[in-house]
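Trainee: Could you take me through a close look at the aromatic rings in this model, and at how they sit with respect to one another? I would enjoy a connected account.

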Amino acid sequence: MTSDTTQTELVTASPERLRELITHARVVLWDFDGPICRLFAGHSAARVAAGLVNWLEGRGLHGLLAEDERKTEDPHEVLRAVDRRQPASDLVTEVEERLTQEELRAVRSAMPTAYADPLIRTWTAVGSRLAIVTNNSPRVVAGYLADRGLLACFGPHIYGRTQDLQYLKPHPRNLNRALTAMGAASSTALFIGDTPTDYEAAREAGVPFLGYARNERKGRLLKEAGATDIVGSLEPVLVAVRAGG
């Protein structure tokens, strides 16, 4: 959810390491916003966050958020802040639904991540099973995948945000739900994500992690979190899968 657009050559995962990760992956778990598309490429996440803050203030809730929370450009941060102050409340339900509606607007102008579509189709063709594990609404994810003709590659395995916000990543619950539903051990899976919370969730679930960093800032954040296998493009992953891992 940044305005950065620079594609970097950042690659810390060697071809040999990519082959190792891919060879052991019977199940591939994907984060959605980042590795598959830029959800807010044409519908500013910062404006969505500001809109949620304004809506709260319009209801007389001026003091609900701290100053830094009011200025955040991440709508998920607004949602999390509301849940911290009024957990499991009707207000959280309303804010979550408002965010879902904004994500549904955003998906119309989402930008596919380069090589993501052919990589998904290729991984499916060679027999790997795929799932989405995301902090976005599953309705949004299903709509995007259907529009791209990719929904069948994932089947029912879309594990997204519910109103139980405590289970958003970095909590590993949705990774574990995916593994259980697919009958897979964590060691036979691979999670592709682009944020420190993705890495932390993978670590907690015991799932090998491949970081996707579309710019140096993303790569630096993943490295600082402890991720060691990072690619700056999905192209070498696609090449490795086509070559048989």
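Mentor: Happy to. Let's begin with Phe-32, which counts as buried because its relative accessibility is 0%, below the 20% cut-off for that class. Please keep in mind that this is a predicted model.

Phe-32 is a good entry point to the ring pairs, of which the structure holds 4. Its partner is Tyr-144: the two ring centres are 5.4 Å apart and the planes stand at 75 degrees, so this pair is edge-to-face; the class calls for planes over 60 degrees apart. In sequence, the partners are 112 residues apart, and the pair links distant parts of the chain. Phe-32 belongs to the loop between β1 (27-30) and β2 (37-38), while Tyr-144 sits in helix α7 (residues 138-147). Tyr-144 is buried as well, because its relative accessible area is 4%.

Now to another pair, Phe-191 with Phe-209. Here the centres lie 6.1 Å apart and the planes make an angle of 65 degrees, so this pair too is edge-to-face. Phe-191 is part of strand β6 (residues 189-193) and Phe-209 is part of strand β7 (residues 209-212), so the pair ties together parts of the chain 18 residues apart in sequence. Both Phe-191 and Phe-209 are buried. Tyr-199 joins them, and ring pairs link Phe-191, Tyr-199 and Phe-209 into a cluster.

An aromatic ring can also face a charged group. Arg-173 lies over the face of Tyr-167, and the distance from the ring centre is 4.3 Å.

For a contrast with the rings, look at how two helices pack. Helix α2 (residues 45-58) and helix α4 (residues 75-85) have axes that come within 7 Å and cross at roughly 30 degrees. That angle makes α2 roughly parallel to α4, because angles under 35 degrees fall in that class. From α2, the residues that meet α4 are Ala-45, Val-48, Ala-49, Leu-52, Val-53 and Leu-56. On the α4 side they meet Pro-75, Val-78 and Val-82. Sorted by class, this contact has 9 nonpolar residues, with no polar and no charged ones.

One more spot to visit is Ser-128, found in the loop between α6 (116-125) and β4 (129-133). Ser-128 is buried, because its relative accessible area is 13%. Apart from neighbours within four places in sequence, Ser-128 is in contact with Ala-25, Arg-26, Val-28 and Trp-123.

Terms used:
Residues numbered from 1 in each chain as written. Predicted model: local features only at pLDDT ≥ 70, side-chain atom pairs only at ≥ 80, totals over all residues. Heavy atoms only, no water. Axes fitted to C-alpha atoms, helices over the stretch in contact; angles between N-to-C directions. Helix = DSSP H or I, 4+ residues; strand = E, 2+ residues; numbered from the N terminus. Parallel < 35°, antiparallel > 145°, perpendicular 65-115°, else oblique. Contact = heavy atoms within 4.5 Å. Nonpolar A, V, L, I, M, F, W, Y, C, P; charged D, E, K, R; others polar. Phe/Tyr/Trp six-rings, centres within 6.5 Å; stacked < 30°, edge-to-face > 60°. Buried < 20%, exposed > 50% of the residue type's maximum accessible area, 1.4 Å probe, protein only. Lys NZ or Arg CZ within 6 Å of the ring centre and 35° of its normal.
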